[in-house]
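User: I would like to learn how to read helix packing, unusual backbone angles and aromatic pairs in a model. Could you take me through them step by step?

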Amino acid sequence: MKKRDQWSSNFGFLMAAAGSAVGLGNLWKFPYVVGINSGGIFILAYIILLILLGTPILMSEMSIGRNTRLNAIDACNKLKTGWGFVGGLGVLGAFTILCYYSVIGGWVLKYLFKYIVSPSIDNPSEYFKNFSESIVEPVIWHIIFAIICITIVIKGISGGIEKISKIFLPLLAIFIIVISINVLRLPNALNGLKFFLIPNLSDINSVSDIFSILLHAMGQVFFSLSLGMGTLITYGSYLGRNSNIQKNSLYIPLFDLIIALLACTAILPAVFAFDLEPTAGSGLLFNTLPYVFDHMKYGKYLAIIFFLLVFFAAVTSAISLIEVISSYFIDNKKWSRKKACTISGIGFILIGIIASLSLGTLNNITIFGHTLFDSLIILSDKIIMPIGGFFICILVGYIWKTKNMYDEMSSGGLFKIYFKKTLTFLIKFFAPAMIIIIFITSIF
Ligand code: TRP
């Protein structure tokens, strides 16, 4: 049998896992979700859930992966026969996300290219609408984005994913600091900082406001940390026994949070400085920011750096999603890596094309009143991710048992595990209960 590929070092794994976490979720979604959920309060809820929900599930997924050394489906099945469906949900979810993620990745490439060839974008909202609803161009950029990612994953774990993450992630961190510093020098930027750093309790008027914020915060924790889809099971399966899982599950959320806060620092003060609406929603990145760049000194160059940064982030996340799918075909169906990546790639490229068209030409075809594009987002974020996370907790807490997880995490006594009791409580009771409550309230 061929030897299973491994990360060349724990640092390489950290870059890849943090690269998976840091993505469009941090740069595109986080600032606008903060914008529509009254800023500071949302961030407070987010940080609490990141610690209480995110970290324990992250740890669980990583331990399952390293213990079984298998893809998400076979890993869950190995812990308990019949539980492969949890990993199966993950593979399905990863595929669902990829279909739209790659389309947005294509938009980022388009904007990057646009700023390279021209100094600015006139009338950004109209430009974005015309572009995203057109037929040919978004599809081509989506395909280019997809091919870049597939090529990286074909090169394997240490030679492809790890190598790219080790270059892209540090660059991304530097770029976002450059952008933030430039934005903070704008007039009125302080109000933007205050908006998301200082929780304003007067924004909460009812219990349903609290639930709405918790719901968005939980969804964001899951999405941003790449949880509930077997990503960390898959990445963990290539992890050596000399790596400290508990330490890693502290560094990854911390890094992810820092980048998310920096993304807010780069985007929200600019929005305030130009008197724009922080509640602009999902168009914030593409509709609002070009306006800001057009009015800044060296705006063109900052825009190029900015979209390059978003592109790096999107690539390191998309490759983790592709790996979840292809590792199943490689382990279970004994396909070559090339075949597994190419076939899964063709799959998400094709559905992605329809998703892209569903924003324009095909917008009359809807599923329960939503376009295909929105349906993919709802299916992955609101349904598969929380259900996947719930079952991971049940699998680890009640079937595999947390004791075995701690054994795995300690690498045969090499590492001391801290807060065992608290973690057990969080995995067995708090996280599943929280997910169910928020999931049910989201339905009603
Ligand atoms: N975390 C990534 C982001 O913030 C997206 C992502 C990658 C993801 N892999 C995932 C989301 C697995 C959920 C599950 O953009």
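Analyst: Let us start with a relation between two helices, bearing in mind that this is a predicted model. Helices H3 and H17 are roughly perpendicular to each other, and the crossing they make is left-handed.

User: How are two packed helices described, and what angle and axis distance belong to H3 and H17?

Analyst: The description of two packed helices rests on the angle between their axes and on the distance between those axes. Here H3, residues 40–68, packs against H17, residues 420–443, at an angle of about 115 degrees, and the axes are 10 Å apart. Since 65 to 115 degrees counts as roughly perpendicular, the pair takes that label.

User: Which residues of H3 and H17 meet, and how many of them are nonpolar, polar or charged?

Analyst: From H3 come Leu-49, Leu-52, Leu-53, Pro-56, Ile-57, Met-59 and Ser-60, and these meet Leu-423, Leu-426, Ile-427, Phe-430, Ala-431, Met-434 and Ile-435 of H17. In this contact 13 residues are nonpolar, 1 is polar and none is charged.

User: Turning to the backbone, where are Ser-38 and Phe-368 found, and what is the phi of Ser-38 and of Phe-368?

Analyst: A positive phi is flagged here in residues other than glycine. Ser-38, in the loop between helix H2 (24–36) and H3, has a phi near 55 degrees. Phe-368, in the loop between helix H15 (337–357) and helix H16 (372–409), has a positive phi near 50 degrees. With 84% relative accessibility, above the 50% cut-off, Phe-368 counts as exposed.

User: How many aromatic pairs does a search of the whole structure find, and how is the pair of Trp-7 and Tyr-235 read?

Analyst: The search finds 38 aromatic pairs. One of them joins Trp-7 and Tyr-235, whose centres are 5.0 Å apart with 75 degrees between the planes, an edge-to-face arrangement. Trp-7 belongs to the segment before helix H1 (10–21) and Tyr-235 to helix H11 (residues 231–236), so that the pair links parts of the chain 228 residues apart. Both residues are buried.

User: What is the geometry of the pair Phe-85 and Phe-391, and are Phe-85 and Phe-391 buried or exposed?

Analyst: The ring centres of Phe-85 and Phe-391 lie 5.2 Å apart and their planes stand at 80 degrees, so this pair is edge-to-face. Because Phe-85 is in helix H5 (residues 84–117) and Phe-391 in helix H16, the pair ties together parts 306 residues apart in sequence. Phe-85 is partly exposed at 38% relative accessible area, and Phe-391 is partly exposed at 23%.

Notes:
Residues numbered from 1 in each chain as written. Predicted model: local features only at pLDDT ≥ 70, side-chain atom pairs only at ≥ 80, totals over all residues. Heavy atoms only, no water. Axes fitted to C-alpha atoms, helices over the stretch in contact; angles between N-to-C directions. Helix = DSSP H or I, 4+ residues; strand = E, 2+ residues; numbered from the N terminus. Parallel < 35°, antiparallel > 145°, perpendicular 65-115°, else oblique. Left-handed = near helix turned anticlockwise from the far one by under 90°. Contact = heavy atoms within 4.5 Å. Nonpolar A, V, L, I, M, F, W, Y, C, P; charged D, E, K, R; others polar. Buried < 20%, exposed > 50% of the residue type's maximum accessible area, 1.4 Å probe, protein only. Phe/Tyr/Trp six-rings, centres within 6.5 Å; stacked < 30°, edge-to-face > 60°.
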